[in-house]
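Welcome! Please take a moment to look over the sequence and the model below, and then we can walk through them together.

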Amino acid sequence: GKSSKPSAPAPPTRGPAGTPTRGRPATKAAGADRDRSRTPPRYKYLNTKPIFFPDPKLPCPNFLEGRGCHKRSCALAHEATGLVHLIRHFDSARKSLDVCVFVITCDAISNAVIAAHKRGLRVRVITDDDQMETKGSDVVKMAAAGIPVRNDSNKAHMHHKFTIVDGKVLISGSFNYTRQAVLQNRENVTFHTDRPTLAAFCKEF
C-alpha cells in the first residue's frame with residue numbers, strides 16, 4: 001500500500017508495509033530560520049569506516065550542535081564517539097532520509113531525524129508495529145512532528161536496521177536505534193555507496 005504525509009500531526013497508522021508515496025519536502029515553519037536544527041554544520045570528512053559499539057557515554061547535545069559546553073561538570077561525551085559519527089551522517093543529508101529500523105528509542109537519533117524533517121528534507125520512517133508501542137519509543141513523537149511513519153502490522157517482526165541518506169549512502173548493521181545499543185551492546189554500523197546495494201535497499205524500503 002501507499003501512504004502520504006498527513007495534513008496534520010497524527011499518531012502512526014497501522015497497515016501493511018510498503019513504499020510510501022514520494023511526498024514534497026515539508027513546508028518551512030514560521031521562525032524556522034532561527035532554528036539551529038535547520039543549519040547543521042557541514043562535515044568535510046565523514047567517517048565511512050565501520051562503527052562499533054558500545055560507546056563509553058552519550059554525546060553532549062551542545063557538542064552535537066557544534067556549541068561549547070559551559071557546564072563545569074558534564075558527564076556526557078565531548079568527542080567523536082560512534083553515535084556522533086552516525087548522527088553526523090544524518091545531519092549531512094540534503095534531500096532525503098529513509099529510516100527503516102526495528103525500534104527507535106534513542107532521543108539523540110530521533111532528534112536528528114526530526115531536525116532533518118524541519119530542514120525541509122523528505123523524511124520517511126518504517127518500524128515494527130509491536131516495538132512502536134514499547135516504553136520510550138520515539139515513533140509517536142516523530143509522527144507528531146509531521147513525519148510519515150509506517151509499520152508492518154504483521155506477526156513477523158520488521159527487523160531491519162538501515163537508513164538511506166539522499167539515496168546515495170546506505171547505513172546498515174546490527175545496531176538498533178536505542179540507548180541500550182549505544183551504551184551496552186556490542187553492535188556494528190557499516191556504510192555502503194555501491195549502486196547495486198543501494199538499489200536493492202531502496203527497493204526493499
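## A term to start with

A residue is called buried when its relative accessible area is under 20%. Keep in mind that this is a predicted model.

## The protein as a whole

Let's begin with the overall plan. The protein contains 6 helices and 7 strands. Read from the N terminus, the elements follow the order β-α-α-β-α-β-α-β-β-β-α-β-α.

Of the 205 residues in the protein, 45% are buried. The accessible surface is about 11,300 Å², with 51% of that belonging to carbon and sulfur atoms. Among contacts with a separation of 6 or more, 72% are between residues 24 or more positions apart.

## The sheet

How are the 7 strands ordered in the open sheet? The order is E1-E7-E6-E5-E2-E3-E4, and the pairing is mixed. Strand E1 (51-53) and strand E4 (149-151) are at the edges, where each has a single partner strand, so one side of each has no neighbour in the sheet. On average, neighbouring strands are turned by 15 degrees against each other, ignoring direction.

## Strand E5 and its partners

Now let's visit one strand within this sheet. Strand E5 covers residues 161-165, and 5 of its 5 residues are buried. In a regular strand, side chains alternate between the two faces of the sheet. Here both faces of E5 are covered: Lys 161, Thr 163 and Val 165 are buried on one side, and Phe 162 and Ile 164 are buried on the other.

Which strands pair with E5? One partner is E2 (residues 96-101), which runs antiparallel to E5 and is joined to it by 5 bridges. Within this pairing, Val 99 has Thr 163 of E5 as its bridge partner. Another partner is E6 (residues 169-173), also antiparallel, with 4 bridges. There, Ile 164 is opposite Leu 170 of E6.

E5 and E6 also make a hairpin, with 3 residues between the two strands. In the turn, Asp 166 has a positive phi of about 55 degrees.

## Helices on the sheet

Which strands does helix H2 lie across? Helix H2 (residues 82-92) lies across E1, E2, E5, E6 and strand E7 (187-192), and runs at about 135 degrees to E1. Helix H6 (residues 195-204) packs on the sheet as well, where it touches E5, E6 and E7. The direction of H6 makes about 75 degrees with that of E6.

Conventions: Residues are numbered from 1 along each chain as its sequence is written. This is a predicted model: local features need pLDDT of at least 70, side-chain atom pairs count only at pLDDT 80 or more; totals for chains, interfaces and linings use all residues. Side-chain values use heavy atoms; hydrogens and water are left out. Buried means under 20% relative accessible area, exposed over 50%, partly exposed in between (1.4 Å probe, protein chains only). Two strands pair if DSSP finds at least two bridges between them. Contact means heavy atoms within 4.5 Å. Accessible areas come from the Shrake-Rupley method with a 1.4 Å probe; for residues, only the protein chains shown count as cover. Axes are lines fitted to C-alpha atoms, for helices over the stretch in contact, and angles run from 0 to 180 degrees between N-to-C directions.
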